[in-house]
2 protein chains.
Amino acid sequence: MRVVIAQSNMLVGDIEGNAEQVIATAAAAQAQGAELVLFPELALTGYPPEDLLLRPSLNTRVRDALAAIGAAIEVPVVLGYPAVRNGQRYNVAGLLQPGETRPQEEYFKHCLPNFRVFDEKRYFQPGQHATVFTLNGVRIGLLVCEDLWHPAPMVAACAEGAELILALNASPFSDDKHESRTAHVAARSAENGVPIIYANLVGGQDELVFDGGSFAVDAQGECCLQGPFFESALINVEVRRSEAGALSLQGEQCPVPDLDERLYRALVLSVRDYVNKNGFKGALLGLSGGIDSALTLAVAVDALGPERVEAVMMPFRYTADISKHDAAEQAHTMGVRYRELPIEPMFDAFMGVLADSFQGTQVDTTEENLQARCRGVLLMALSNKLGYVVLTTSNKSEMAVGYSTLYGDMAGGFAVLKDVVKTRVYQLSEYRNQVAGQDVIPRRVITRPPSAELAPGQTDQDSLPDYDILDAILHHYVEQDFSAEATVRAGFESEQVYRIVRLVDRNEYKRRQAAVGPRLTQRAFGKDRRYPITNGWRPGD
Amino acid sequence: MRVVIAQSNMLVGDIEGNAEQVIATAAAAQAQGAELVLFPELALTGYPPEDLLLRPSLNTRVRDALAAIGAAIEVPVVLGYPAVRNGQRYNVAGLLQPGETRPQEEYFKHCLPNFRVFDEKRYFQPGQHATVFTLNGVRIGLLVCEDLWHPAPMVAACAEGAELILALNASPFSDDKHESRTAHVAARSAENGVPIIYANLVGGQDELVFDGGSFAVDAQGECCLQGPFFESALINVEVRRSEAGALSLQGEQCPVPDLDERLYRALVLSVRDYVNKNGFKGALLGLSGGIDSALTLAVAVDALGPERVEAVMMPFRYTADISKHDAAEQAHTMGVRYRELPIEPMFDAFMGVLADSFQGTQVDTTEENLQARCRGVLLMALSNKLGYVVLTTSNKSEMAVGYSTLYGDMAGGFAVLKDVVKTRVYQLSEYRNQVAGQDVIPRRVITRPPSAELAPGQTDQDSLPDYDILDAILHHYVEQDFSAEATVRAGFESEQVYRIVRLVDRNEYKRRQAAVGPRLTQRAFGKDRRYPITNGWRPGD
């Protein structure tokens, strides 16, 4: 039997459009010999549909879409969708046969993740029973995503005679997710002596990125097929029965990207899908001559092509000539439209109007924020006029400690580097240049000391520790949830740790108003880390 | 026996500070004769602590705080706190006796709300057992908040002999919450023939407002005590046993505020707590001469006093003279500092720098947004320099359909009217003037046609339906979750409904970057309504 994994990119909420995609994809899979087509978890709604699941007409729309698919397909499909059965809402995997108006077999997801970025207990009731059916002489069991991270659901399916598991997933990317995914699935398979075909979603959805990378493991838990990453794909799985009756799986073995490639491609996919799925004509960004905006520009061009990307340099009196030169050079290399719009006239106008109010006060960060906000307003004016979304360029290190200006450099629709710490920004810039075989990001942008250029001769390290120390402290405090004291015990200077921790805690209000951006690590700012703004928690142990 | 309800206002996360408050409050209650002091749900952490509950040192901090309380009190207290027991985290109500280092009795909340604004299944495991103990000869059962909305937990407590229930709550305000609360509690009481003392939290916490209003019901479900609303209080409950052995409760009967008073006081409390708990010196806002900023100013002054509030009028060429006049008049009446800062110079500077880029394009909302953004930048500059938080003034009707400018009038830390539709803005303005016995909000601000004054002669109704129709459609679609078709069937014009629904759906990206603001209805924008930004859901049925 040939099973085809339909590693698909769905639009959340567009049930009608996703149903059309299922129909077209099933036809394409059939054309390459599919006897069964396997779609991901909640393929009909995309993932996560969030409170769209609470809309009263959801069940009707899903029912109509399933009927439309049944009427159109000529090959059985297994796909995920939400459904209300006996007054309860479930996360369902269903088998739909050609010509039928409703699924013949339905499995209700047992294990509902309600941690980190997941809120499934807000929407679903857990299923209780295994679902196993026979197709082409093979006893097939269905499981959904989180079910594979726990032993019980697969044990239950095998107890009902499953000899092959089809797993439907919407498993979001994080840097080492592929390894934990395959380890869990291999364990399930080896525990039960039953092979598993794992179909994952692909695409960007607000802050989540689905990396695809569907795969299959044999009855011993060995990987016997690896699909491609970060792209839609139809992946053939040959299911063969030996003379002794055992099932084996065979298929292509795509390479697993290394860390840099994964991160970079996740960024590209997230930008492409945010811009296209939200119907923007293109994207624009402020190009400062610094490395954050340089990397953001490279990602944007790889996501959308140079003709849909614009770069704007907005110099001020503190902008070095080399900043202007390097920005212009990169824009030229990448082939994007480049504008230079000075902020001096607006800055001076603001300071003039505020002169009376500011009389007798000292220059402080107010004047720095004002520069950033003049730039933000300029970019938003271009965005409004052109229909291009503004990409913000703050990195995770800055977002963590509040070294970015609300309504200034934080103004925009998508925060590309929101989960990329500064040291990784360097690493990914080097990666991008290596792939190109040339410095698409100018060498000097990488080597010069980082500076926001908001005051004369300013560098980031005037007020922050070196980024390798800052990022390491953030890794402990944010990503690993160490306390301040535990971070100190891990070998950092106490005063520095307490200062950073206080900055992280105090700047939640800024992050709450930040644009969404792609989650790449095990703890991103956003729905992955839900802290109160009003917060009296004291650093310490 | 005299039980004292400690209707308390806690600071989320400040376990040490909250413990000190518990100690001081218990002493004050004892001084007025308390034999038992009852604090709200999660009093030690405040509510909701969100991901602070996941901090590794949480349990240690809670344990230390409980020990400190036990060492200091001279009267038994019942209070709420989170605790890890046998490796699981629970939402606990505990009885702590003077001189003890740890609670003698603990109840683990059974029913964990994980809907609307609640995420308790993200943090807690449900308890399984009733907790009933004897104090001063009375068999007392403990319950926590959501437990009272379902019959089973109280039935279990009564099965173990409870003859009085102490209920610890962190029940957030919404317009008719008091009535649903008392109805549920009365039902529980009458079902079991056992009286209930209901202690609620009070105070603002980001988007939640806790209204207090603690109360008690007798064994027949009749209200026999009503505490005050929107303020901290020590409320005496006399628990008496009749000769026949039945328990009766007695205490004060505070009036229950009507709808306008509730809403207005909820706004005042939320602003006061946001500003004070976050350590701002004061608050400032743009005062436009329109009704939204007029009401916001009144709320701010009632929350903080006139000396901590500043109003800024930022006129432009479309600002009517009466706007300037009315703004100045209100600022004068309310006794707040008033500045007039024109935006003409900055607007002209931006348009000058953008002239080349905009050549050949039409005037559109870009220019209107630019005005709003010049104002936002001015307010933020003053905010930065003064240490005052900016209050934003957009109402719920505008937030719903996107009639507000990101980084413009949406710039600020707290969105006071975020859950107040325009028709309610009028209603609350009239209420405020009635209470004052004078027009603290100038009469003309209430009677003139609403206008953003972003174009010559503009009024809101140039591009929106009348607010009574708009608000009614929003009530159906947002607050009641009607589909577009069901809203049409409820008697609205189809074209208008579809237009409004599309605007609501399309403007999620703006709301996602909005400041938090107090939730007053059963469906506020914020954690109460979690929609994807990237969203292909089609209006219809």
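These legends walk you through several close-up views of a predicted model with chains A and B.

In this predicted model, local features need pLDDT of at least 70 and side-chain atom pairs count only at pLDDT 80 or more, while totals for chains, interfaces and linings use all residues. Residues are numbered from 1 along each chain as its sequence is written, chains are lettered from A in the order in which they are written, and side-chain values use heavy atoms, with hydrogens and water left out.

**View 1. The residues listed as "active site" in chain A gather at one spot.** The UniProt record, an unreviewed entry, places this feature at A:Glu41, A:Lys109 and A:Cys145. They span 105 residues in sequence, yet no two of their C-alpha atoms are more than 9.7 Å apart, so they come together in one place. UniProt positions follow the numbering used here, feature names are shortened, and annotations may be inferred rather than shown by experiment. Start with A:Glu41, in the loop between strand S2 (36-38) and helix H2 (58-72) of chain A. Helices (H or I, at least four residues) and strands (E, at least two) are DSSP runs, numbered from the N terminus. A:Glu41 is buried, with a relative accessible area of 1%. Buried means under 20% relative accessible area, exposed over 50%, and partly exposed in between (1.4 Å probe, protein chains only). Leaving aside neighbours within four places in sequence, A:Glu41 is in contact with residues including A:Lys109, A:Cys145 and A:Asn169, where contact means heavy atoms within 4.5 Å.

**View 2. A:Cys145 sits in a loop of chain A, and its counterpart by number, B:Cys145, in a loop of chain B.** The loop holding A:Cys145 runs between strand S7 (138-144) and helix H3 (151-159). A:Cys145 counts as buried at 9% relative accessibility. Beyond four places in sequence, A:Cys145 touches A:Glu41, A:Lys109, A:Leu168, A:Asn169, A:Ala170 and A:Ser171. In chain B, B:Cys145 is buried, with a relative accessible area of 8%. Look at the backbone there too: phi of B:Cys145 is near 45°, a positive value in a residue other than glycine.

**View 3. The residues listed as "binding site" in chain A cluster in space.** From its unreviewed entry, UniProt lists A:Asn369, A:Glu398 and A:Lys510. Although they are spread over 142 residues of sequence, their largest C-alpha distance is 14.3 Å. A:Glu398 belongs to helix H10 (residues 396-401) and is buried at 11% relative accessibility. Setting aside residues within four places in sequence, A:Glu398 has contacts with A:Asp292, A:Tyr403, A:Ser404, A:Asp460 and A:Tyr467. A:Lys510 belongs to helix H16 (residues 508-512) and is buried at 13% relative accessibility. The contacts of A:Lys510 outside its neighbours within four places in sequence are A:Gly402, A:Ser404, A:Leu406 and A:Met410. Its side chain reaches the backbone oxygen of A:Ser404 at 2.8 Å.

**View 4. Chains A and B meet, with 87 residues of chain A in contact with 87 residues of chain B.** Together the chains bury about 7500 Å², 56% of it on carbon and sulfur atoms. Buried area is the accessible area (1.4 Å probe) that two parts lose on being put together, summed over both. In chain A, A:Arg55, A:Lys385 and A:Trp537 lose the most area to chain B, together 12% of what that side buries. Twelve salt bridges are counted between the two chains; each is a side-chain nitrogen of Lys or Arg within 4 Å of a carboxyl oxygen of Asp or Glu. One of them joins A:Lys385 and B:Asp364 (3.1 Å, N to O).

**View 5. A cis peptide bond leads into Pro48 in chain A and in chain B.** From A:Tyr47 to A:Pro48, omega is near -10°. From B:Tyr47 to B:Pro48, omega is near -5°. A:Pro48 lies in the loop between S2 and H2 of chain A, and B:Pro48 in the loop between strand S2 (36-38) and helix H2 (58-72) of chain B.

**View 6. A:Thr131 is a buried loop residue of chain A.** The loop runs between strand S5 (105-108) and strand S6 (132-135), and A:Thr131 has 7% relative accessibility. A polar atom of the A:Thr131 side chain lies 2.8 Å from the backbone oxygen of A:Glu106.

Conventions
Polar contact = N/O pair within 3.5 Å; in protein donor to acceptor, adjacent residues only side chain to side chain.
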